[in-house]
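Trainee: Hi! Could you show me how to read the surroundings of a bound molecule?

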Amino acid sequence: MSQMQFENHHLSSDQLLELYKAMVLPRMIEEKMRILLRQGKISKWFSGVGQEAISVGVTLALNSNEYILPMHRNLGVFTSKKIPLQRLFSQWQGKLNGFTKGRDRSFHFGAKEFHTIGMISHLGPQLGVANGIALANILQNNRKVTAVFSGEGGTSEGDFHEAMNVASVWNLPVIFCIENNGYGLSTPSSHQFNCKNIVDKGIGYGMESHLIDGNNILEVYEKAKHIAQSIRENPRPVLIEFKTFRMRGHEEASGTKYVPKNLLEAWAKKDPLENYQVFLKEKKVLSEALEVQIKKDFIHAINQNLKVAFAEINPYFKESKELDDVSQPFEYKEVKSDSTESNIRLVDAISNGLFQCMERHADLVIMGQDIAEYGGVFKITEGFLEKFGKERVRNTPICESSIIETAYGLSICGIKSVVELQFSDFITSGFNPVINLLAKSYYRWGQNADIVLRMPCGAGVQAGPFHSQTNEAWFTKTPGLKVVYPAFPYDAKGLLATAIEDPNPVLFFEHKQLYRSIYQEVSDDYYTIPLGKAALLKKGTDISIITYGAGVHWALKTIQEENISADIIDLRTLQPLDTETIYKSIKKTGKAIILQEDTLFGGIASDISALIMEHCFEYLDAPVKRVASLETPIPFAKNLENGFLPKKRFLKTLKELLKY
Ligand SMILES: Cc1ncc(C[n+]2csc(CCOP(=O)(O)OP(=O)(O)O)c2C)c(N)n1
Ligand SMILES: [Mg+2]
């Protein structure tokens, strides 16, 4: 007798068998993988034994062209999505024909042709990415559902709460599938959250939620199918908690010593596959002979595919190939403007530039706190809502992390977005997706992140330690990110246009103190300026001053007041860096000073200094000097802030260097 109650109201024998086979396959693959793991042929294994009904039931309940975002125990999603076994095996062995060409392991990959997006290690961000895909589905009005997975442990992360909140506020068609398997590594659920059921959390987010027996394939499949269909008809987010149990260790090496034996024994009796098999035999849908045949066929398929995967070549290291694959190739197309010009401020140039990009890219979405009716705290998006509508100009909850993940989900669906950080300081609350999703995605599995993050930054406005940082160095050191930092209205407008054209993630720094103090003649029409090209603002003979952002204006003022003959280089883009312009200038002047508003240690000035040393040593008549802010947080009071900033120290060092 089956230990579980299966109720079948209408599924045919073929359908019942299909569910059975779909659970047998991941179970058998796992058995084989555990052998390979012991032989050192794959690197790690996270077991989904005992949880197959959830992966399989949910995947088969959705249409094959609907996205599913699985986690590390959801092999059944990959197999039920019919991803060729040979490619899965290649992926796990780090072969060249794996989904990541050997650049990432296990389930850390996406396969868009199968509408499957794998995880990054950090668990919770997956939920926000699903929101982005669901938002794309809403914008494209295609009535599709997206399902995303998390363990109960992952629900403790802020990303879970942010994703639930955003999905609910925006009414996104997502099924949040939480597999409550009792443990997160060694931590039991009772140490993970303090409420009876995770479904109870749905109430707090205003979200419909369901509790489902995750070991009962018919219950999972039927309920998920019903929920998915209802979401297609009436788009909304739904939370499902699947009760289940993790029958093996967190990963194979870690064991289950800390799990009470009686729990393992009790749940073993509820094994989803064993019980269903008994039920099918009782119903005479499955015979002993058919069971043997099905398993034999799978063993054959697994072995055949393994043979092919073993024979596949390993990735070979070619430096240029690795470097080329960090960013999606982008062919810059110059757009010139010979239109009339207006004398406008930096803030106006950015606003006007962004507006024209919204006109040019019909599906470009902008997201940020208070950017719609209110027009943003710096009023850059004032009037955008009226012109472009609330689908494209989206006020967000205070959920930096989830919104950046949402932007990544949009990008997966081919939609560009611009995210306004209210202050660049607050990127700390969305740091993980920038570094781990956006920056690494193209290199890992060829998926670009077509996102511009607008970063109002900088000091000089007496805004203190949390509203004045210039934090570009956190990003210039991360491969995969482009960093733009204009100092003038004309550059800001043209560079923003290119940043949005570029299919890669770009951090676009906008200096708050320059917003309303710097004016310039700017073309009224759309135009572009290439990334990675510095501007030589002044030509001189005695020294090269290399700077960007507010530093440009300090340098210009200083050499004018002191009547110094210097090259002034405005970098404009920090990543990629225009080393050619820097070296050319130094070869002429023989002296270099680098001025940055950021604090000294680990800032970009240090790298530029090292590069000059390595490439222009023979041309130098003096040591390269870096001038930067003091190594403290940014203080609030005017006198303190002035002392912190490098303006005075710049003149002193400049004079010393000229005399050297
Ligand atoms: C941000 C982050 N912290 C810690 C980890 C390490 N880690 C990986 S899986 C895991 C447990 C996850 O538990 P749960 O969400 O319940 O999923 P399960 O493994 O039980 O399926 C932990 C702590 C991680 N991957 N990411
Ligand atoms: Mg768990």
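Mentor: Happy to! A residue counts as near a molecule if one of its heavy atoms lies within 4 Å of it. Keep in mind that this model is predicted.

Trainee: Which residues come nearest to ligand 1?

Mentor: There are 14 residues around ligand 1, and Arg73, Ser121, Gly153, Gly154 and Tyr183 come nearest. Sorted by class, that shell holds 9 polar, 3 charged and 2 nonpolar residues.

Trainee: Where does ligand 1 sit?

Mentor: Ligand 1 is found in the largest pocket.

Trainee: Which atoms of ligand 1 pair up with polar atoms of the protein?

Mentor: A polar contact is a pair of N or O atoms within 3.5 Å. Here, a nitrogen atom of ligand 1 lies 2.7 Å from a backbone N or O atom of Ser121. An oxygen atom of ligand 1 is 2.8 Å from a polar backbone atom of Gly153, and the side chain of Asn181 has an N or O atom 2.9 Å from an oxygen atom of ligand 1. The protein buries 70% of the 580 Å² that ligand 1 exposes when taken alone.

Trainee: And which residues coordinate the magnesium ion (ligand 2)?

Mentor: Glu152 appears twice, through OE atoms, and is joined by Asn181 (OD1) and Tyr183 (O), at 2.1 to 2.6 Å. Along the chain, the donors follow the spacing E-x28-N-x1-Y.

Trainee: Is the site of the magnesium ion (ligand 2) octahedral or irregular?

Mentor: Start with the ideal: six octahedral donors have angles of 90 or 180 degrees. The magnesium ion (ligand 2) has 6 donor atoms with angles of 52 to 169° among them, and its site is irregular.

Notes
Residues are numbered from 1 along each chain as its sequence is written. Chains are lettered from A and ligands numbered from 1 in the order in which they are written. This is a predicted model: local features need pLDDT of at least 70, side-chain atom pairs count only at pLDDT 80 or more; totals for chains, interfaces and linings use all residues. Side-chain values use heavy atoms; hydrogens and water are left out. A polar contact is a pair of N or O atoms within 3.5 Å; within protein, one must be able to donate a hydrogen and the other to accept it, and residues adjacent in sequence count only if both atoms are side-chain atoms. Accessible areas come from the Shrake-Rupley method with a 1.4 Å probe; for residues, only the protein chains shown count as cover. On a 1 Å grid over the protein atoms alone, a cavity is a set of points where a 1.4 Å probe fits but cannot get out, and a pocket is an open set with protein on both sides within 12 Å along at least five of seven lines; lining residues have an atom within 4 Å of a point. A molecule sits in a cavity or pocket if more than half of its atoms lie within 2 Å of its grid points. Ala, Val, Leu, Ile, Met, Phe, Trp, Tyr, Cys and Pro count as nonpolar, Asp, Glu, Lys and Arg as charged, and the others, Gly among them, as polar. Donors are N, O and S atoms within 2.8 Å of the metal (3.2 Å for Na, K and Ca); water is not among the atoms, so sites may look incomplete. Four donors count as tetrahedral if all angles lie between 85 and 135 degrees; four count as square planar and six as octahedral if opposite donors are over 155 degrees apart and all others between 65 and 115; anything else is irregular.
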